[in-house]
Amino acid sequence: MNELEEKTLTKTYVYEGPVVNLREDTAEMPDHTIANRTLVEHPGGVGIALEDEEGRFYFVSQWRYAQSVVTLEYPAGKREKGEDDLAVAKREIAEETGYEGKDWVYLGTIYPTPAYDSETIGLYYAKKGNYVGQHLDQDEHINVSLLTLDEITDKIIAGEVHDAKTVSMTFLIKEMKERGLIQ
């Protein structure tokens with residue numbers, strides 16, 4: 001057992017919904033004291049950096065209800081039960097941009113809010129493939145734009161981009177390209 005690990009003693013579901021569940025747990029701390037933990041269960045998702053032949057990346061702008069703002073983000077999507085991350089990435093990039101991806105590279109996983117949320121986001125990079133047509137979800141309204149890594153970096157530095165996956169993916173991709181790990 002890790003010296004910092006907490007042992008779950010009880011799990012009580014307060015809310016179970018179509019996207020998230022809310023739990024209130026009790027946990028035994030490493031020093032054997034008991035603590036209450038509130039946890040949001042989320043199935044997680046993926047973020048996709050799709051690059052075209054000219055070195056530009058596809059971004060989506062959309063209204064984010066929880067923040068009450070329009071955000072600029074890499075395309076992304078939620079995992080469905082039992083769905084593999086690469087399958088999610090392939091499905092979502094086609095749905096949101098209309099393009100297939102090719103030459104897929106797994107970049108890693110991030111934990112957007114690890115203190116209380118189980119969500120993980122698998123990060124992927126791909127080259128633009130064939131056009132297959134955009135197929136947005138019924139409740140999805142987005143604008144698609146193309147930006148270079150330098151343009152999105154400038155927007156991040158200017159405080160215009162707040163999406164965690166977009167910030168982390170941009171700097172990860174820039175560094176991986178500089179090191180020759182992706183072309």
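Here are some worked exercises on the predicted model shown above.

**Exercise 1. Get your bearings**

Task: Work out how many helices and strands the chain has, and in what pattern they follow each other along the sequence.

Solution:
- Start with the tally: the chain has three helices and 10 strands.
- Now walk along the sequence, and you'll read β-β-β-β-β-β-β-α-β-β-β-α-α.
- For the overall dimensions, the C-alpha trace spans about 55 × 40 × 35 Å along its principal axes.
- As for burial, 42% of the chain's 183 residues count as buried.

**Exercise 2. Take the three-stranded sheet apart**

Task: Find the order of the strands in the open sheet of three, and say which of them stand at the edges.

Solution:
- The order is 1-2-3, and the pairing is antiparallel.
- A bit of background helps here: strands in a sheet are held in pairs by backbone hydrogen bonds, in a parallel or an antiparallel way.
- Strand 1 (7–16) and strand 3 (34–41) each have a single partner strand, so one side of each has no neighbour in the sheet, and these two stand at the edges.
- Going from one strand to the next, the twist averages 20 degrees.

**Exercise 3. Follow one strand pair**

Task: Trace how strand 2 and strand 3 pair, and pick out what sits in the turn of their hairpin.

Solution:
- Strand 2 covers residues 21–28, and its antiparallel pairing with strand 3 runs over eight bridges.
- Look at individual partners next. Threonine 26 sits opposite asparagine 36 of strand 3, and alanine 27 has alanine 35 as its bridge partner.
- Strands 2 and 3 make a hairpin, with five residues between them.
- In that turn you'll find histidine 32, with a positive phi of about 75 degrees.

**Exercise 4. Compare the two pockets**

Task: Describe the volume and lining of the largest pocket, then do the second largest.

Solution:
- The largest pocket holds about 1,400 Å³ of space.
- Its lining takes in 38 residues, and those nearest the centre are His42, Arg64, Glu73, Glu119 and Lys165.
- Several elements give two or more residues to this lining: strands 4 (45–51), 5 (56–64), 6 (69–73) and 7 (76–78), plus helix 1 (85–97) and helix 3 (164–178).
- Sorted by class, the lining of the largest pocket comes out as 14 nonpolar, 10 polar and 14 charged residues.
- On to the second largest pocket, with a volume of about 180 Å³. Residues lining it include Glu6, Thr8, Arg23, Asp25 and Ala115.
- Strand 2 and strand 3 are the elements that give two or more residues to the lining of the second largest pocket. Strand 2 gives the most, with four.
- The class split for the second largest pocket is three nonpolar, three polar and four charged.

**Exercise 5. Find the two sides of helix 2**

Task: Decide which residues of helix 2 are buried, and why they line one face.

Solution:
- Helix 2 runs over residues 149–157, and its buried residues are Leu149, Ile152, Thr153 and Ile156.
- Look down the axis of helix 2: the buried residues fall within an arc of 105 degrees, so they line one face of the helix.
- Turn to the face away from the buried side and you'll meet the exposed residues Asp150 and Asp154.
- Leu149 also has a spatial link to check: phenylalanine 171 is 22 residues apart from leucine 149 in sequence, but 8.7 Å apart in space, C-alpha to C-alpha.
- Phenylalanine 171 belongs to helix 3, and with 36% relative accessibility it counts as partly exposed.

**Exercise 6. Sort three residues by exposure**

Task: Classify glycine 98, serine 68 and aspartate 103 as buried, partly exposed or exposed.

Solution:
- Keep the cut-offs handy: buried is under 20% relative accessible area, exposed is over 50%, and partly exposed lies in between.
- Glycine 98 has 0% relative accessibility, so it counts as buried. You'll find glycine 98 in the loop between helix 1 and strand 8 (99–110). Glycine 133 is 35 residues apart from glycine 98 in sequence and 4.1 Å apart in space, C-alpha to C-alpha.
- Serine 68 is in the loop between strand 5 and strand 6. At 47%, serine 68 counts as partly exposed.
- Aspartate 103 is in strand 8, and its 55% makes it exposed.
- One last check, on phi. Most residues other than glycine have a negative phi. Serine 68 has a positive phi of about 55 degrees, and aspartate 103 also has a positive phi of about 55 degrees.

How values were computed:
Residues are numbered from 1 along each chain as its sequence is written. This is a predicted model: local features need pLDDT of at least 70, side-chain atom pairs count only at pLDDT 80 or more; totals for chains, interfaces and linings use all residues. Side-chain values use heavy atoms; hydrogens and water are left out. Two strands pair if DSSP finds at least two bridges between them. Axes are lines fitted to C-alpha atoms, for helices over the stretch in contact, and angles run from 0 to 180 degrees between N-to-C directions. On a 1 Å grid over the protein atoms alone, a cavity is a set of points where a 1.4 Å probe fits but cannot get out, and a pocket is an open set with protein on both sides within 12 Å along at least five of seven lines; lining residues have an atom within 4 Å of a point. Grid points are joined across faces, edges and corners, and a volume is the space filled by probe spheres set on the points. Ala, Val, Leu, Ile, Met, Phe, Trp, Tyr, Cys and Pro count as nonpolar, Asp, Glu, Lys and Arg as charged, and the others, Gly among them, as polar. Buried means under 20% relative accessible area, exposed over 50%, partly exposed in between (1.4 Å probe, protein chains only). The arc is that of the directions from the helix axis to the C-beta atoms.
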